[in-house]
Amino acid sequence: ALRRACGAEPRVEPDRGRVAVPAGGGVRSLTSAVRELEAAGIAIEDVGLRRPTLDEVFLRLTDHRATDGEEAA
């Protein structure tokens, strides 16, 4: 249901009882995801939209982590 709504693979965190999925469409993706889950009969305890951190954006764009020796440009 989340893959259909957001067009991305959900990340399941069973130890935290959490499922996360990138929502490139922002609030529209979130609304669609909630509707898909409800239609599938899946109970939702909590839902939220979180913007990526600067670190997450850096990692996605560069595909590597900065080391202590690297300086900011």
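In this predicted model, Leu54, Val57 and Leu61 come together as a nonpolar patch on the surface, and their accessible area adds up to about 350 Å². One member of the patch, Leu54, sits in helix α3, which covers residues 54-62. Is Leu54 exposed or buried? Its relative accessibility is 72%, so Leu54 counts as exposed, given that the exposed label starts at anything over 50%.

Stepping back to the whole chain, there are three helices and two strands to keep track of. Going along the sequence, they turn up in the order α-β-β-α-α. The protein chain has 73 residues, and buried ones account for 12% of them.

Next comes the empty space. Rolling a probe the size of a water molecule over the atoms shows where such space is left. Here, the largest pocket holds about 1400 Å³. Which residues lie nearest the centre of the largest pocket? Out of the 36 residues that line it, these are Val19, Ala20, Val21, Pro22 and Gly48. The lining draws on several elements of the chain: α1 (2-6), β1 (11-13), β2 (18-20), α2 (27-39) and α3 each chip in with at least two residues. Sorted by class, the lining of the largest pocket comes out as 21 nonpolar, five polar and 10 charged residues.

Then there are the charged pairs. Side chains of opposite charge can pair when their charged atoms come close. How many salt bridges does the structure hold? The count is five.

One of these salt bridges joins Glu9 to Arg3, with 2.8 Å between the closest N and O atoms. Glu9 has a relative accessibility of 52%, so this residue counts as exposed. Its partner Arg3, at 48%, counts as partly exposed, because that label applies between the buried limit of 20% and the exposed limit of 50%.

Another salt bridge pairs Glu36 with Arg4, and here the closest N and O atoms are 3.0 Å apart. This pair ties together distant parts of the chain, since Glu36 belongs to helix α2 and Arg4 to helix α1, 32 residues away. In space, though, the C-alpha atoms of Arg4 and Glu36 are 8.0 Å apart. As for how open the two partners are, Glu36 has a relative accessible area of 24% and is therefore partly exposed. Arg4 reaches 61%, so Arg4 is exposed.

A further salt bridge runs between Arg11 and Glu13, whose closest N and O atoms are 3.1 Å apart. Why does Glu13 count as buried? Its relative accessibility is 14%, and buried means under 20%. Arg11, on the other hand, counts as partly exposed because its relative accessibility is 49%. The story doesn't stop with these two residues: through salt bridges that share partners, Arg11, Glu13 and Arg16 are joined into one network.

Technical notes: Residues numbered from 1 in each chain as written. Predicted model: local features only at pLDDT ≥ 70, side-chain atom pairs only at ≥ 80, totals over all residues. Heavy atoms only, no water. Patch = residues over 30% accessible without salt bridge, like charges linked within 9 Å, V, L, I, M, F, W, Y side chains within 5 Å. Areas by Shrake-Rupley, 256 points an atom, 1.4 Å probe, with all protein chains shown as cover. Salt bridge = Lys/Arg side-chain N within 4 Å of Asp/Glu carboxyl O. Helix = DSSP H or I, 4+ residues; strand = E, 2+ residues; numbered from the N terminus. Buried < 20%, exposed > 50% of the residue type's maximum accessible area, 1.4 Å probe, protein only. 1 Å grid on protein atoms, 1.4 Å probe; cavity = no way out; pocket = protein on both sides within 12 Å on 5 of 7 lines; lining within 4 Å. Points joined across faces, edges and corners; volume = space filled by probe spheres on them. Nonpolar A, V, L, I, M, F, W, Y, C, P; charged D, E, K, R; others polar.
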